[in-house]
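User: I would like to learn how to read strand pairing, burial and charged contacts in a model. Please take me through them in turn.

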Amino acid sequence: MGKIISIANQKGGVGKTTTAVNLAASLAIAESKTLLLDLDPQGNASSGVGYAADDGQLTIYHALLGLVQLREVIRQSPFAHLDIIPANPDLIGAEVELLHFDRREFVLADLIRPLRQQYEFIIIDCSPSLGLLTINSLVAADSILIPLQSEYYAMEGLGQLLHTVDRVRDSLNPRLAIEGIVLTMVDQRTTLAQQVEQEVRRHFGTLVYDAVIPRNVRLSESPSHGKPIALYDVSSKGAQAYFRLTEEFLQQQKDVQHVGSATRGSKAS
């Protein structure tokens, strides 16, 4: 059964969408069947894989409001193993329209559940807020992966996000786990970046990925060309960093499965 991961941070400009796009693309390159679900009205994850959802096209907005089936808004990406559910500014209206729904926090979870059999990973790019769309993502997800910009103010917002995760876990989705924290936009030439990395690793230990995403011009350019960094410049430092993150992510999944199998074997003996 596929795993659903929300890429979330209520602070904008921390590399959230960049991480969603490039983790999804790298998983596809590793031949893991992956769905990238754009849940941000800015639609940047959609355009980041070359799919511009213009007015009039079916998007996640139409599925959330029950106007079409979720499968009807799935589109192919340039990668063989990556599909995309696009978004555009229409999605802004969903924050208000969903308020009138019964089980409004569970709309996405109910829609996405059947797709678990179709994909190994479903990556959700959330909007930079803690509104109803992001809550829907956290309720639907098995885990949350948090991109954290390597600057002081980014750390201040992390506490609020973790508090929200706790509240969702307590009241709406008890299985929600923290997948990990990935440091983004790291300029290791600066003392501040080094201090932030040390502080985050001291507080969160093994939750922080060893792989860090550096500031990289080619990584910043790739969205304007509608390409993940793996297609835009595979030899760049940004591409190599996301490959390392993906390798570490996949190894963690194998480790968890191994522990689960060992536990089940122990109980059976």
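User: In which sense do β6 and β7 pair, and over how many bridges?

Analyst: Two strands pair if DSSP finds at least two bridges between them. Strands themselves are DSSP runs of E with at least two residues, helices are runs of H or I with at least four, and both are numbered from the N terminus. In this predicted model, β6 and β7 (residues 177-184) are parallel and share seven bridges. Within this pairing, I146 has I181 of β7 as its bridge partner. Strand β1 (residues 3-7) also runs parallel to β6, joined to it by three bridges, with I5 opposite S143.

User: Which handedness does the unit of β6, α7 and β7 have?

Analyst: A crossover is right-handed if, with the strands pointing away from the viewer, the path from the first strand over the helix to the second runs clockwise. Here β6, helix α7 (residues 152-171) and β7 form a right-handed β-α-β unit.

User: Why is β6 described as largely enclosed?

Analyst: Burial is judged by relative accessible area: buried is under 20%, exposed is over 50%, and partly exposed lies in between (1.4 Å probe, protein chains only). Strand β6 (residues 143-149) has seven of seven residues buried, so it is largely enclosed by the rest of the structure. Its two faces are both covered, with S143, L145, P147 and Q149 on one side and I144, I146 and L148 on the other. Helix α6 (residues 132-140) is also largely enclosed, because nine of its nine residues are buried.

User: How many salt bridges are there, and which residues does D125 link with in a network?

Analyst: A salt bridge requires a side-chain nitrogen of Lys or Arg within 4 Å of a carboxyl oxygen of Asp or Glu. The count is 15. D125 and K16 form one of them, with the closest N and O atoms 3.1 Å apart. This pair connects strand β5 (residues 121-126) with helix α1 (residues 16-29), across 109 residues. Both D125 and K16 are buried, and with D40 they are linked in a network of salt bridges.

User: Where do R202 and E199 lie, and is each exposed or partly exposed?

Analyst: R202 and E199 meet in a salt bridge of 2.9 Å, N to O. They are three residues apart in helix α8 (residues 191-204), about one helical turn. R202 is exposed at 59% relative accessible area, whereas E199 is partly exposed at 27%.

User: What conventions apply to the numbering and the values?

Analyst: Residues are numbered from 1 along each chain as its sequence is written, and side-chain values use heavy atoms, leaving out hydrogens and water. Local features need pLDDT of at least 70 and side-chain atom pairs count only at pLDDT 80 or more, while totals for chains, interfaces and linings use all residues.
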